[in-house]
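Student: I should like to take a close look at a single part of this structure, its largest pocket. Which residues and elements line the largest pocket?

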Amino acid sequence: MKQPPAIRYRVEALDPHAHLYGITLEVDRPERITTVSLPVWIPGSYLVREFAQHLQRLHAWADGHITPARQLSKNTWRLSLPKGTRLLRLRYEVYAFDPSVRTAFLDACRGFFNPTSLCLRVHGREAEPHALDVAPPGHAADWELATALTPLKVRRNGFGRYLAQDYDELADSPVEMGRFWSGRFKVRGVPHRFVVSGAPAGLDGERLLRDTARICEAAMTLWHGDEAPPFDRYLFMLHA
């Protein structure tokens, strides 16, 4: 992609001890009336979720000038921008201290988030590509990052910029950060990765990879027969 996506998120581990992420959202060529919201859903969990209750200190700038964000509901904000605004920037924080797979978590030892907990949706722009930048934490130089998103400009430890083809793909792509066990294998030529956070010292990683590869082969045969699977990589995440 020659031009960066017009919708860009930057996520920082703002304060691990206070369990706070800092998020910056940039939108190129925003509509004069721009609406943003945090979802009340997450793929695979069929309940209304109150992610927005953890969002705080929302501020906005239009071409560098402070602009008000009017809250319309518990999870929706509307901005009236000057005509010809080229760049809308929003900055906010999210409290993250839920160790489940549904929301977000951050402390001094581990970070995890689903984008539906952190990334405001720009109404009317969901079908566009979205970039996600995750900054390396200042408190832990040995942390790594794992996500299934497409890497654009990424360091060896996984931190950097990733691409989602649209907001739906972003919502489907959780991010794991910290010191985790990682192993790789291939099935039908497709690279697979298995990440285990909180892995015990006695973890039999080779057996885990071997057994998982057998399950993947059986699943591919069931759904696709002898055809190649419709993806070029796959990531398993496990929090032990």
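Tutor: The answer below describes the largest pocket and its lining. This is a predicted model, in which local features need pLDDT of at least 70 and side-chain atom pairs count only at pLDDT 80 or more, while totals for chains, interfaces and linings use all residues. Residues are numbered from 1 along each chain as its sequence is written, and side-chain values use heavy atoms, with hydrogens and water left out.

The largest pocket has a volume of about 1100 Å³. A pocket is an open set of points, on a 1 Å grid over the protein atoms alone, where a 1.4 Å probe fits, with protein on both sides within 12 Å along at least five of seven lines; lining residues have an atom within 4 Å of a point. Grid points are joined across faces, edges and corners, and the volume is the space filled by probe spheres set on the points.

The lining consists of 43 residues, of which Thr147, Ala148, Leu235, Phe236 and Met237 are the closest to the centre of the pocket. The elements that give two or more residues to this lining are strand 10 (110-113), strand 13 (144-146), strand 14 (150-154), helix 2 (167-171), strand 18 (190-197) and strand 19 (234-239). Here helices (H or I, at least four residues) and strands (E, at least two) are DSSP runs, numbered from the N terminus. Strand 19 gives the most, with six residues.

By class, the lining has 21 nonpolar, 10 polar and 12 charged residues. Ala, Val, Leu, Ile, Met, Phe, Trp, Tyr, Cys and Pro count as nonpolar, Asp, Glu, Lys and Arg as charged, and the others, Gly among them, as polar.

Elsewhere, strand 7 (residues 76-80) pairs with strand 3 (residues 33-37) in the antiparallel sense over five bridges, where two strands pair if DSSP finds at least two bridges between them. Thr34 has Leu79 of strand 7 as its bridge partner.
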